[in-house]
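Hello,

Here is the structure I promised to pass on to you. Please have a look at it first, and then read my notes below.

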2 protein chains.
Amino acid sequence: MKSAVFESVRNMAIEEVPMPQIEKDDDAVIKVVRSCVCGSDLWPFRGIDNKQNHSQNPGHEAIGIVEKVGPAITTVKPGDFVICPFTHGCGQCRACRAGFDGSCTRFADHFSDGNQAEYIRFQHAQWALVKVPGRPSDYSEGMLKNLLTLADVMATGYHAARVAHVRAGDTVIVLGDGAVGQCAIIAARMMGAKKIISTSRHADRQALAAQFGATDNVAERDEEGIAKLLDASDGGADAVLECVGTDQSFQEALRLVRPGAMIGRVGVPHDQKISGESTFFVNAGLAGGPASVTTYDKAVLLDAVLKGEIEPGKVFTTTFTLDDIQNAYEAMDRREAIKSYIVVSDAE
Amino acid sequence: MKSAVFESVRNMAIEEVPMPQIEKDDDAVIKVVRSCVCGSDLWPFRGIDNKQNHSQNPGHEAIGIVEKVGPAITTVKPGDFVICPFTHGCGQCRACRAGFDGSCTRFADHFSDGNQAEYIRFQHAQWALVKVPGRPSDYSEGMLKNLLTLADVMATGYHAARVAHVRAGDTVIVLGDGAVGQCAIIAARMMGAKKIISTSRHADRQALAAQFGATDNVAERDEEGIAKLLDASDGGADAVLECVGTDQSFQEALRLVRPGAMIGRVGVPHDQKISGESTFFVNAGLAGGPASVTTYDKAVLLDAVLKGEIEPGKVFTTTFTLDDIQNAYEAMDRREAIKSYIVVSDAE
C-alpha cells in the first residue's frame, strides 16, 4: 500500500510499504478515506525540530472504514465508518475518567502516526475510535471535512477553550490563526464568549475567523499588537487560547490575561520557559496539553457537526491526493492553504 | 509609637517611630490589637532574599480598631473592629470583580506592610477592610486568633484550593506544613475533598493537619516521599496545593498531579522555573498568586469563623508581645511555633 514518508527537511515522498496487520488484540486496521496535514507536521518539515525520523509517516488524522479488528475489539466491526483520533485513550483510567484522554495513563503509546497512508494500524481501538453513523458516501464532501477535524484540530481548539474555562460573556483572545486557532474560535463561541479576538495578518484567515465567530481581529505583531489586543480586551482577556506553541507566543499570552484569567495552551510547546514569578503576581493560570479528542467527540462535537451547528471543515482550504503529499505540505508551509485535505480513497 | 523593624539578617528590633497619619483621602489609620509573623517574613530574616530594606516593617497581617479615616471612606468609621487584609483591592476593577483582588489592577500599592506595630496606615481602605461585628472584647482569644488568620493565611490557603478547583470527592495533596498549608487543608475540606494528604515531618504539625481534616500524612521527602504520595493518591492527586514557593516544591507538585489536575500555588515563588514541556504532556494546570483576601472573607470565611465551622486560629501556637518580636521570629525560624501570635494592645 502507499504511505507518505518524511524523507528529509522539505521533502515528503510516497513509498510502497507493507499493509498494516493486527499485531495486538486491541488493534484495528482502518482503510483511510480522508487524511490531512497538521500544523505540527510542519515543524520537522521546516527543520525546526529534529524529532522526526527518516521514513516516518507523521500523519495523525484520518477518517475511514474499519477493515479488521483484533479479538479484544467489541465496539466497532469491519465496515464501520470511524473517526481516528490522534489520541488513544483507554476510557477507564483516572485521566480518561476525568476527561483527559489525551494524557491516558494506561497506554504509553497513545498517539497516532502513519495516517497519511492508504491503511493504518490503530492501536487501542476499543474506546478511542469514534463511530460515525452510516457510510462515507452518505455524507457531502463538506461534512467529511467536518468529520475529519474531529480527529484533532476541532477537539484541540475545544480543549484550549475548556481548560481556559471560557464562560458565557467572556472576552477571549486567540493566538494562532492556523486550523487549531480557527477551531478554538468555534469552541469559544460554543461556550458563549461575547468578544472573540483573532490575531491574523492574512485576509483569508481573518475572513474564516470572522465566519467562525471572531468579533474583532488584531493583525499587528509585537508591542503594537499587544497594545491593540489590550485595548480591544479592555486591559486583558478573560481567557487566552494559545494555539501556536512557541515561547514568543506564550510570553505574549502572559501579557494578555487580566488577573486571574487562564491561558489554555494546545500548541505543542517548543522551548517555552515560564518563570514562576511571571505568572504569580497577576494570578495567571495555565493549563492544556494533548486534547481529549474521544471525550469531546462523543460528548459534544460529533453531534454539533452532524446537526450542522458548527462547520470546522472549512479550515480545509485546499484538496490534494495522497500522491501529491509534497504539495500538500508546501501549500501549508507557504500559508497558501490553512489546512491541506488529502483524498486517500473513494467515499464508498 | 512602637514598630518592629528589620535590622539585619536574623535581627528584628523595636523602634519608636512617628504615628501614621491620613495621607490620602482613602486611607484609614488602625490601632492594632493583634498582629503576627508570616512565613514570608522569614525569607529576609533568614537572608534568603535581600528584598527587605533596613528599618522596614514586614508585617502585613492585623486586626484592630479604626482610629481615623480619610474623607473618601464611608464603609467604616472610628471605633469599628476590622480585619486588615494584606491585599488592598478596589472592589471594582475587572480583577476584583472576577474575584482576584490580590491582583487588583487599579491600586499598584496594594500590599500591606508595617503591621507589626501599634498603629498602621491602611491604604485604599474603602473596600478592602473587613468589618467584624462588635468589639474585640466581645470575643475569646481563640476567636481573635481565627479572625487574624483572615488577614492572610486562611484566605491564602483558600485561594490555593479555589484556583486548583478542588471539588467534592477529590484527592488533594498539600505541600507545606506551615500556617498556609494548614489552612489549605481546612479549605480543601470546606470544598468537600474526600482524601487530603498532608506532608509534615513534625508531630505537632501532623496533629494539627489531622485536626483540620487531613486524612493521611506522608512524612518522607524526595524520591521516597514522592513514591509514597503517588501511592497514597492512587497515582496522582486531583489537586496539589503548593504552599511553599521553592522550585523544589513546585517540581515535586508537577510529579504529583494526575493528568488534567491543577496545581494551586500560593507560596511566593523563589526561582521557580517551569518548562513548557513538563506541564504539557500530562495536561497539568497551574494557577495561583496573591490571595483574594477581602473577597473570601466577605463571601465565606468570616461567616465560617464566626459560626465556629472552622478554627484556623489554631495555627497560632505561641504568643508574644510586640516587644518580644525577635523571639516571635526565632520561634518560627526554629519551627518551635507554627505561627507566632503577637498581642499588640488590649482587646477593649
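I'll begin where the two chains meet: the contact takes 33 residues from chain A and 33 residues from chain B. Two residues are in contact here if their C-beta atoms, placed from the backbone, lie within 7 Å. On the side of chain A that touches chain B, at least two residues each come from helix 2 (94-97), strand 12 (257-265), strand 13 (273-275), helix 10 (276-280) and strand 14 (285-287) of chain A. Strand 12 of chain A gives the largest share of that side, 4 residues. Helices (H or I, at least four residues) and strands (E, at least two) are DSSP runs, numbered from the N terminus. Sorted by class, the side of chain A that touches chain B holds 15 nonpolar, 13 polar and 5 charged residues. For these classes, Ala, Val, Leu, Ile, Met, Phe, Trp, Tyr, Cys and Pro count as nonpolar, Asp, Glu, Lys and Arg as charged, and the others, Gly among them, as polar.

Before going on, a word on the source. This is a predicted model, in which local features need pLDDT of at least 70 and side-chain atom pairs count only at pLDDT 80 or more, while totals for chains, interfaces and linings use all residues. Residues are numbered from 1 along each chain as its sequence is written, and chains are lettered from A and ligands numbered from 1 in the order in which they are written.

How are the two copies related? A turn of 180 degrees and a shift of 0.0 Å along the axis lay chain A on chain B with an RMSD of 0.0 Å, so the copies are related as by a two-fold rotation axis. The superposition is by least squares on the C-alpha atoms of residues with pLDDT of at least 70 in both. The copies meet through the same surface, because 100% of the interface residues of chain A are also interface residues in chain B.

Now for chain A by itself. Chain A has 12 helices and 16 strands. Its radius of gyration is 19 Å, close to the 20 Å that the globule rule gives for 348 residues, so chain A is as compact as a globular protein of that length. That radius is taken over C-alpha atoms, and the rule is 2.2 Å times the number of residues to the power 0.38. The C-alpha trace of chain A spans about 55 × 40 × 35 Å along its principal axes. Of the 348 residues of chain A, 57% count as buried (20 or more other C-beta atoms within 10 Å of a residue's own; exposed is 12 or fewer, partly exposed in between, with C-beta atoms placed from the backbone).

One helix pair is worth a look. In chain A, the axes of helix 5 (residues 153-163) and helix 11 (residues 293-306) come within 9 Å and cross at roughly 90 degrees. Met154(A), Ala155(A) and Tyr158(A) of helix 5 make the contact with Val293(A), Tyr296(A), Asp297(A) and Leu301(A) of helix 11. These residues divide into 6 nonpolar, no polar and 1 charged.

Finally, look at the loop between helix 5 and strand 8 (171-175) of chain A, where His165(A) is found. His165(A) is not a glycine, yet has a positive phi of about 55 degrees. It counts as partly exposed, with 18 C-beta neighbours inside 10 Å. In chain B, His165(B) also has a positive phi of about 55 degrees.

Best wishes

Definitions and conventions:
Axes are lines fitted to C-alpha atoms, for helices over the stretch in contact, and angles run from 0 to 180 degrees between N-to-C directions.
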